[in-house]
Amino acid sequence: YDWSDKEEICRKLYIDEQKNTSEIIQYFVEHFNTDPSELPCRKGFHRQFQAWGFPSRGKTWDGDQANAASARIRELWEQNVNQKDIKSMMDEEGWELSTYDFTKLWRKNNLRLRNEHGYKAPSADGKKRKRPSAAIEDAMAEQLVETPSRPEPISAPMDAEEAAARAQRLFEIQVESDQRLQARKRRRRIRGYGHLPPDAAGTAPRYASETSLDECKAYLSLDNETYVQIRKEFTAICEEHGILKKTECAEGVWEDSKRQLIDGNAHLSAVMHPLQPELDKKNVALECLAADVTKRMRVTGRAITIADANNILDLNPTESKAVRRAFYEILAADKFESRLVSGEDHWNELRQQWYQTSEKLQQVVAANDPNKMRAVDLLGRDTMKRFREDRNSRGERIHLEPPTAPMDPSLLTDPQILGGTDDDLDNKIPHSLMAQLAQASSQLSFDLDPALAGSGPFATSVPDPTMPTTTIAPTGPPITAYFRLAPTSQLSTVHPRMWLGKLSTPSVHALHAAALSKLPTARVAKVQGLVKNEDGSEDCWLVESVDELLAYLAEAGEKVSFQVVLEDGVFV
């Protein structure tokens with residue numbers, strides 16, 4: 001390269017204007033119309049700067065200065081400040097640390113970031129393990145190929161008796177949950193919770209205030225962009241009028257704020273026009289949306305981070321990891337699955353074991369400070385989250401299924417379920433419970449247990465002519481099927497053109513539930529089974545009964561596809 005006429009411009013850029021090498025290269029590209037590939041690399045510029053005698057940019061640190069900077073970094077780290085913010089604060093305080101020098105001091109202090117899975121403790125001697133050489137790694141790789149081994153499991157395998165006990169507990173929870181739903185003592189589950197599945201698609205809310213936000217969007221014909229915009233507009237209105245909660249508003253202020261939102265939004269003005277249909281549902285949807293906005297305004301900023309929790313409990317990052325590691329080991333020894341399966345009594349026992357592992361935790365519990373207990377709960381939730389993630393990544397998570405038999409006979413005589421006449425039987429038993437009972441009944445031996453041979457929802461060896469005959473579809477693995485949205489569907493919200501669904505049983509109810517998995521507020525108008533011919537054309541077969549569904553499944557073979565006409569009732 002010809003550097004003879006470049007010294008002055010480089011001196012001006014590097015020394016006077018304090019530009020770095022990347023900025024100097026970009027200057028040459030722009031002002032001399034030079035392709036970057038024709039310029040020297042960064043090291044080439046640096047070598048030439050040294051040849052010209054340009055002063056070094058690097059700052060020489062003596063021992064005292066390095067120790068002072070190192071102590072300041074550790075002080076900020078002890079306050080649970082993250083690495084990026086520590087670097088920024090050091091720059092603001094005038095330390096003028098380069099990224100290289102900062103990283104060097106960080107490593108010198110042994111201030112590591114997040115450890116490996118499971119909050120693994122540092123080595124006993126405190127020294128960092130060196131990476132083996134390439135030759136040693138190759139030899140280790142060959143040995144692993146010859147004798148493959150899996151990492152040590154996080155928890156010991158669960159024995160059959162313990163697995164059965166937990167599955168029985170899960171079954172009891174499912175039965176209780178279905179009974180509470182039937183008695184309107186709990187709200188519906190739109191999504192799965194723990195090991196419990198969501199409630200049947202199309203289950204109505206107990207009260208108008210429990211209408212889901214997805215249903216609100218459907219009733220008000222909102223796509224995602226419009227929905228977000230309306231929330232922003234109502235947030236601004238609430239901030240303008242000082243609204244944080246409906247019950248705290250002066251008389252008429254809440255309704256006036258909603259009217260202001262409607263008048264200021266063209267979409268809502270059209271949807272909420274007095275001549276539009278289903279105004280009662282739309283008013284409920286707007287009320288729920290507005291209430292959710294104010295709720296989020298009240299809770300915004302109240303959440304705390306792990307760093308906040310550490311500072312509240314006076315823990316530095318190392319101490320915090322040790323505290324969480326102790327709880328992690330307790331969960332592993334217990335073969336923990338979820339708080340739901342463990343039950344509150346056992347869950348509290350695990351927490352008490354955890355408290356005993358740390359003197360600081362014992363002090364917090366003894367003081368019963370709500371703010372500090374909130375921080376302890378956050379560390380516990382973070383530990384459970386890491387524990388589940390680690391087990392899932394290793395494929396060690398046990399997916400418990402409720403038992404099918406034997407089953408407690410008292411479940412079959414619950415007055416809330418069986419009260420009333422036989423004609424009301426199908427309406428009184430929740431669908432998910434009926435499926436469980438039907439599955440269990442197929443495996444029970446009534447000849448060996450006279451207590452189960454009485455009248456009830458099971459079919460006995462001697463049919464009772466007074467009982468209604470109900471055909472239960474055979475149970476088995478769920479049927480995976482493709483669903484295609486028919487062009488004649490009338491939906492006011494965005495919906496995927498194709499999706500996957502699972503039929504829990506070969507029944508029309510399960511078929512409709514899978515068809516509505518993406519939009520529970522819609523209604524299935526028509527379902528057609530699709531069969532592809534050899535010439536690429538498709539035959540459509542209307543499915544309206546169990547017999548028609550079974551006939552189609554036999555014809556479809558491995559690839560099951562349905563075309564569905566959906567309607568949500570919003571269109572005029």
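Buried residues are those under 20% relative accessible area.

**Figure 1. Overview of the predicted chain****.** The model is predicted, and its chain contains 24 helices and 5 strands. Of the 572 residues, 37% are buried. Among contacts with a separation of 6 or more, 64% join residues that lie 24 or more positions apart. The exposed area of the chain is about 35,300 Å², of which carbon and sulfur atoms supply 51%.

**Figure 2. The buried side of helix H6****.** Helix H6 spans residues 99–108, and its buried residues are Asp101, Phe102, Leu105 and Trp106. These residues lie on the same side of H6 because they cover an arc of only 140° around the axis. An α-helix has 3.6 residues a turn, so residues three or four places apart point the same way. The buried residues of H6 pack against two elements, helix H4 (63–78) and helix H5 (83–92).

**Figure 3. The other side of helix H6 and the residue that follows****.** Thr99, Tyr100, Lys104, Arg107 and Lys108 are exposed on the other side of H6. After H6 comes Asn110, which has a positive phi, near 60°.

**Figure 4. Arg231 and the residues it touches****.** Arg231 belongs to helix H10, which comprises residues 224–241. Arg231 counts as buried because its relative accessibility is 13%, and the cut-off for that class is under 20%. When residues up to four places away in sequence are not counted, Arg231 touches Leu213, Leu289, Asp292, Val293 and Arg296.

Key: Residues numbered from 1 in each chain as written. Predicted model: local features only at pLDDT ≥ 70, side-chain atom pairs only at ≥ 80, totals over all residues. Heavy atoms only, no water. Helix = DSSP H or I, 4+ residues; strand = E, 2+ residues; numbered from the N terminus. Buried < 20%, exposed > 50% of the residue type's maximum accessible area, 1.4 Å probe, protein only. Contact = heavy atoms within 4.5 Å. Areas by Shrake-Rupley, 256 points an atom, 1.4 Å probe, with all protein chains shown as cover. Arc of directions from axis to C-beta.
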